[in-house]
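Biologist: I have a model open beside its sequence, and I would like your help with one part of it. Could you take a close look with me and talk me through what you find?

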Amino acid sequence: MLWLIALVLVLQSLGAWILGPLVRGGTTWLSLSWMPWLLLIVGLWLFSGRRD
């Protein structure tokens, strides 16, 4: 039973250590703070087209 507790603690620690940076990076990417810039670029591209 003591080994089971130790195993769970080790696995949770490794998971937090490995997934921590991934979660922080994913949060930055998925927060959509870059969305206004993307919309501005797409809008400028659409409005700067040819006038026929």
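Which residue with a positive phi follows H1?

Modeller: Happy to help! The residue is Leu-32, which comes after H1 and has a phi near 60 degrees. Please keep in mind that this is a predicted model.

Let me start with that residue and then work outwards. Leu-32 is not a glycine, yet its phi is positive, at about 60 degrees. Most residues other than glycine have a negative phi. As for its place, Leu-32 sits in the loop that runs between helix H1 (2-30) and helix H2 (35-47). Its relative accessible area is 42%; because partly exposed covers the range between under 20% for buried and over 50% for exposed, Leu-32 counts as partly exposed. Ser-31 belongs to the loop between H1 and H2 too, and with a relative accessible area of 45%, Ser-31 is likewise partly exposed. From the C-alpha of Ser-31 to that of Leu-11 is 28 Å in space, with the two positions 20 residues apart in sequence.

Now for the helix on the N-terminal side of the loop. H1 has 29 residues, and from its first C-alpha to its last it reaches 40 Å, close to the 42 Å expected at 1.5 Å a residue. H1 has a bend in it: the helix turns by about 40 degrees at Leu-19, and a proline, Pro-21, follows within four residues. Gly-25 is also part of helix H1. The relative accessible area of Gly-25 is 39%, which makes this glycine partly exposed. Looking across the loop, the C-alpha atoms of Gly-25 and Met-35 are 16 Å apart, for a separation of 10 residues along the chain.

On the other side of the loop comes H2. Its 13 residues should span 18 Å at 1.5 Å a residue, and the distance between its end C-alpha atoms, 18 Å, agrees with that. Of those 13 residues, the number buried is 1, so H2 lies largely in the open. Pro-36 is found in H2, and at 54% relative accessibility Pro-36 counts as exposed, because the cut-off is over 50%. To relate Pro-36 to the bend in H1, take Leu-19: the two C-alpha atoms are separated by 28 Å, with the residues 17 apart along the chain.

Beyond H2 there is a further segment, and Arg-50 is found there. Arg-50 is exposed, with a relative accessible area of 78%. Measuring from Arg-50 back to Leu-9 takes us 41 residues along the sequence and 63 Å through space, C-alpha to C-alpha.

Finally, here is the setting for all of this. The protein has 2 helices and 0 strands. Its C-alpha atoms fill a box of roughly 80 × 15 × 10 Å along the principal axes. The radius of gyration is 23 Å, whereas a compact globule of 52 residues would have one near 10 Å. Of the 52 residues, 4% count as buried. The accessible surface comes to about 5400 Å², and carbon and sulfur atoms account for 77% of that.

So, back to your residue: Leu-32 is a partly exposed residue in the loop between H1 and H2, and its phi is positive although it is not a glycine.

Methods: Residues numbered from 1 in each chain as written. Predicted model: local features only at pLDDT ≥ 70, side-chain atom pairs only at ≥ 80, totals over all residues. Heavy atoms only, no water. Rg over C-alpha atoms; globule rule 2.2 N^0.38 Å. Buried < 20%, exposed > 50% of the residue type's maximum accessible area, 1.4 Å probe, protein only. Areas by Shrake-Rupley, 256 points an atom, 1.4 Å probe, with all protein chains shown as cover. Expected span 1.5 Å × (residues − 1). Bend = angle between axes of the 7 residues up to and from the residue.
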